[in-house]
Amino acid sequence: MGATQELIASVREATEGTPYVVEETPDGFTVTIDVVDAQWYTLIRKNGLKRVFTYEVRTYDKSRTLSITDVENSVRWNAGAGVSSPPSLHAERSFKRGRVYQLSFQKQYGVDAQTRQLTKVVDYRFNANEGRNIIRDAASRAGWKERMGAEQRGAVIFAGAIVATSALIGLFFLGRAIFG
């Protein structure tokens, strides 16, 4: 068993009993959690929301290093007819990729179509650090080190370029003000 497979086994063991799912990929593995997968009824129409949070882990066996990239995907749909409007269908999709810091919770109530009782249909709490920490803890116990992923390195380089460009422009205008 290779180092990556040992790490995957360790992360799978750490995620037992949690809503996280570990899947092997050609470059490492992913750890995925459904932040919320809910459908509820309102008096007028049925609405839906699906948010999935995934940690893409790229492993480098020889150096026993890994990088973690956070990926949040959201899909929202709304289908139905309004009281004074024709039937409509609305869908949107968005995603975030890189390092996502998120702490969220949601409680939602709706009318059960069968019992016509008000009931809680969504009740969750999510902290983006939680899954990342599971991966980091398992990796640390197995002797792995974390390094920045491509998205994080790209963001740092881009931010550095913006700061350097701003400094050069500032120096240009300062020199112009002083020397005319």
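**Figure 1. The largest nonpolar core of this predicted model holds 22 residues.** Within this core, Val11, Phe29, Val31, Tyr55 and Ile135 are the residues with the most contacts. Two or more core residues come from each of helix H1 (3–15), strand S2 (28–41), strand S3 (46–60), strand S4 (65–81) and helix H2 (128–141). The top contributor is H2, which supplies 5 residues. If you like to keep a general picture in mind here, nonpolar side chains tend to be buried together in soluble globular proteins.

**Figure 2. A close-up of Val31 and the residues it touches.** Leaving aside residues up to four places away in sequence, Val31 is in contact with Val11, Tyr20, Val21, Val22, Phe53, Thr54, Tyr55 and Ile135. Among these partners, Val11, Tyr55 and Ile135 also belong, like Val31 itself, to the residues with the most contacts inside the largest nonpolar core.

**Figure 3. The largest pocket encloses about 210 Å³ of space.** Its lining is made of 15 residues, and Glu56, Arg58, Ser67, Thr69 and Arg97 are the closest to the pocket centre. The elements giving two or more residues to the lining are S2, S3, S4 and helix H3 (150–179). S3 provides the largest share, with 4 residues. Sorted by class, the lining comprises 6 charged, 5 polar and 4 nonpolar residues.

**Figure 4. Glu56 and Arg97 form a salt bridge.** Both residues also appear among those closest to the centre of the largest pocket. Their closest N and O atoms are 2.7 Å apart. Glu56 sits in strand S3 and Arg97 in strand S5 (residues 87–98), so this pair ties together parts that are 41 residues apart in sequence. Glu56 has a relative accessible area of 29% and is therefore partly exposed. Arg97, at 40%, is partly exposed as well.

**Figure 5. Asp27 and Arg58 form another of the 6 salt bridges in the structure.** Here the closest N and O atoms are 3.7 Å apart. Asp27 belongs to the loop between strand S1 (21–25) and S2, while Arg58 belongs to strand S3, so the bridge ties together parts 31 residues apart in sequence. Arg58 is a residue you have met already, as one of those closest to the centre of the largest pocket. With relative accessibility of 41%, Asp27 counts as partly exposed; Arg58, with 38%, is partly exposed too.

**Figure 6. Arg136 and Glu146 pair within a network of salt bridges.** The closest N and O atoms of Arg136 and Glu146 are 2.6 Å apart. This pair links distant parts of the chain, with Arg136 in helix H2 and Glu146 in strand S8 (residues 145–146), 10 residues apart. Arg136 is partly exposed at 30% relative accessible area, and Glu146 is partly exposed at 34%. Through shared partners, salt bridges join Asp70, Arg99, Arg132, Arg136 and Glu146 into one network.

**Figure 7. Two loop arginines, Arg64 and Arg116, have positive phi values.** Arg64 is found in the loop between S3 and S4, and its phi is near 50 degrees. With 27% relative accessibility, Arg64 counts as partly exposed. Arg116 lies in the loop between strand S6 (103–111) and strand S7 (118–127), with a phi of about 60 degrees. Arg116 has 67% relative accessibility and therefore counts as exposed.

Notes
Residues are numbered from 1 along each chain as its sequence is written. This is a predicted model: local features need pLDDT of at least 70, side-chain atom pairs count only at pLDDT 80 or more; totals for chains, interfaces and linings use all residues. Side-chain values use heavy atoms; hydrogens and water are left out. A nonpolar core is a set of buried Ala, Val, Leu, Ile, Met, Phe, Trp, Tyr and Cys residues joined through side-chain atoms within 4.5 Å. Buried means under 20% relative accessible area, exposed over 50%, partly exposed in between (1.4 Å probe, protein chains only). Contact means heavy atoms within 4.5 Å. On a 1 Å grid over the protein atoms alone, a cavity is a set of points where a 1.4 Å probe fits but cannot get out, and a pocket is an open set with protein on both sides within 12 Å along at least five of seven lines; lining residues have an atom within 4 Å of a point. Grid points are joined across faces, edges and corners, and a volume is the space filled by probe spheres set on the points. Ala, Val, Leu, Ile, Met, Phe, Trp, Tyr, Cys and Pro count as nonpolar, Asp, Glu, Lys and Arg as charged, and the others, Gly among them, as polar. A salt bridge is a side-chain nitrogen of Lys or Arg within 4 Å of a carboxyl oxygen of Asp or Glu.
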